[in-house]
Each structure stands twice: as C-alpha cells, then as structure tokens.
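The paragraphs below lead through one protein chain, beginning with its sheet and working outward to single residues and whole-chain values. Please keep the sequence and the structure in view while reading.

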Amino acid sequence: MNDKTLIIGGSSRIGRNIKNHLPHTDSTYFKNAIKGGIYFDLTLRNIEKVVDINNYSTIIILSAISKLDECINNILFSNELNVESTIS
C-alpha cells in the first residue's frame with residue numbers, strides 16, 4: 001500500500017495546512033481553485049471518475065458548508081453536502 005493522502009476540500013484553510021505538512025498529498029477543490037488541485041463536486045458522488053481512490057491510503061473529507069447562517073438558509077443543500085454526500 002502507498003502512503004498518498006487525498007484531501008477532499010483541500011482549498012479550505014485546514015486543507016491547505018494539512019497539505020503543507022504531509023508529503024504525497026493531492027487535494028480537491030470546488031469553489032476556490034488551488035494550484036495543482038483537482039476539481040470535484042462532492043454532491044455528484046462520483047469520486048471514482050475523478051481520481052483512482054485505490055492510489056490513496058488515506059482520504060480526508062473537509063468539504064462542508066460550515067457557516068451556520070448558510071446552513072440555515074440552505075437547509076436541503078447543506079444536508080446534501082455535509083451529510084448525504086459524505087456517506088455514499
């Protein structure tokens with residue numbers, strides 16, 4: 001097994017910091033493009049079409065709507081992104 005890590009939601013502050021400290025790390029982004037990043041929409045639930053997940057020993061999911069106001073104003077979408085998309 002290899003020691004590569006995939007960060008889903010790597011454009012976040014936490015994602016960028018993790019990538020800076022872990023060698024052999026790839027990152028995805030959705031809204032905020034990052035250099036060398038891989039575009040990925042978590043709600044499409046098609047990660048296997050974007051990357052070969054077998055190339056990673058660790059996958060960290062950081063994609064989320066984290067602002068409470070956004071969650072309240074977009075209940076259905078925030079549930080889709082924050083809950084449903086991370087378990088399927």
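In this predicted model, 4 strands form an open sheet in the order 3-2-1-4, and the pairing is parallel. Strand 3 (38-39) and strand 4 (58-61) are the edge strands, each pairing on one side only. The sheet order can be set against the order along the chain, where the elements run β-α-β-β-α-β-α-α from the N terminus. In total the protein chain has 4 helices and 4 strands. The radius of gyration of the protein chain is 13 Å, and the globule rule gives 12 Å for 88 residues; the two values are close, so the protein chain is as compact as a globular protein of that length.

Strand 1 is a good place to start on the pairing. Strand 1 (residues 5-8) pairs with strand 4 in the parallel sense, over 4 bridges. Within that pairing, T5 has T58 of strand 4 as its bridge partner. Strand 1 is also joined to strand 2 (residues 25-29) by 3 bridges, and these two strands run parallel as well. Two of the residue pairs can be named here: L6 has D26 of strand 2 as its bridge partner, and I7 has S27 of strand 2 as its partner.

How are the two faces of strand 1 placed with respect to the solvent, buried or exposed? T5 and I7 lie on one side, L6 and I8 on the other, and all of them are buried, so both faces of strand 1 are covered, buried being under 20% relative accessible area. Strand 2 is mostly covered, with 4 of its 5 residues buried.

Next comes a residue from a helix that meets the sheet. I18 is found in helix 1 (residues 13-21). Leaving aside neighbours within four places in sequence, I18 is in contact with I7, I60 and L62. Of these partners, I7 belongs to the buried set of strand 1. I60 is 42 residues from I18 in sequence, while the C-alpha to C-alpha distance between them is 9.8 Å. I18 has a relative accessibility of 23% and therefore counts as partly exposed, since the buried class is under 20% and the exposed class over 50%.

K4 is found in the segment before strand 1. Which residues does K4 touch, not counting those up to four places away in sequence? They are H24, D26, N55, Y56, S57 and T58. One of these, T58, is the strand 4 bridge partner of T5, and another, D26, is the strand 2 bridge partner of L6. K4 and T25 are 21 residues apart in sequence, and their C-alpha atoms are 5.7 Å apart in space. At 28% relative accessibility, K4 counts as partly exposed.

H24, one of the residues touched by K4, lies in the loop between helix 1 and strand 2. The backbone of H24 has a phi near 60°, a positive value in a residue other than glycine. Most residues other than glycine have a negative phi. H24 is partly exposed, with a relative accessible area of 49%. R45 also has a positive phi, near 55°, and is likewise a residue other than glycine. R45 is found in the loop between strand 3 and helix 2 (47-50). The relative accessible area of R45 is 35%, and R45 is partly exposed.

The remaining values concern the chain as a whole. Along its principal axes, the C-alpha trace spans about 40 × 25 × 20 Å. Of the 88 residues, 31% count as buried. Among contacts with a separation of 6 or more, 45% come from residues 24 or more positions apart; the pair I18 and I60, in contact and 42 residues apart in sequence, is an example of such a contact.

The surface and the charges complete the account. The protein chain exposes about 6100 Å², and carbon and sulfur atoms supply 53% of that area. There are 9 positive and 9 negative side chains, and the centres of the two sets lie 8 Å apart.

How values were computed:
Residues numbered from 1 in each chain as written. Predicted model: local features only at pLDDT ≥ 70, side-chain atom pairs only at ≥ 80, totals over all residues. Heavy atoms only, no water. Rg over C-alpha atoms; globule rule 2.2 N^0.38 Å. Buried < 20%, exposed > 50% of the residue type's maximum accessible area, 1.4 Å probe, protein only. Contact = heavy atoms within 4.5 Å. Areas by Shrake-Rupley, 256 points an atom, 1.4 Å probe, with all protein chains shown as cover. Lys, Arg positive; Asp, Glu negative; His and termini not counted. Charge placed at Lys NZ, Arg CZ, Asp CG, Glu CD. Pairing = 2+ DSSP bridges.
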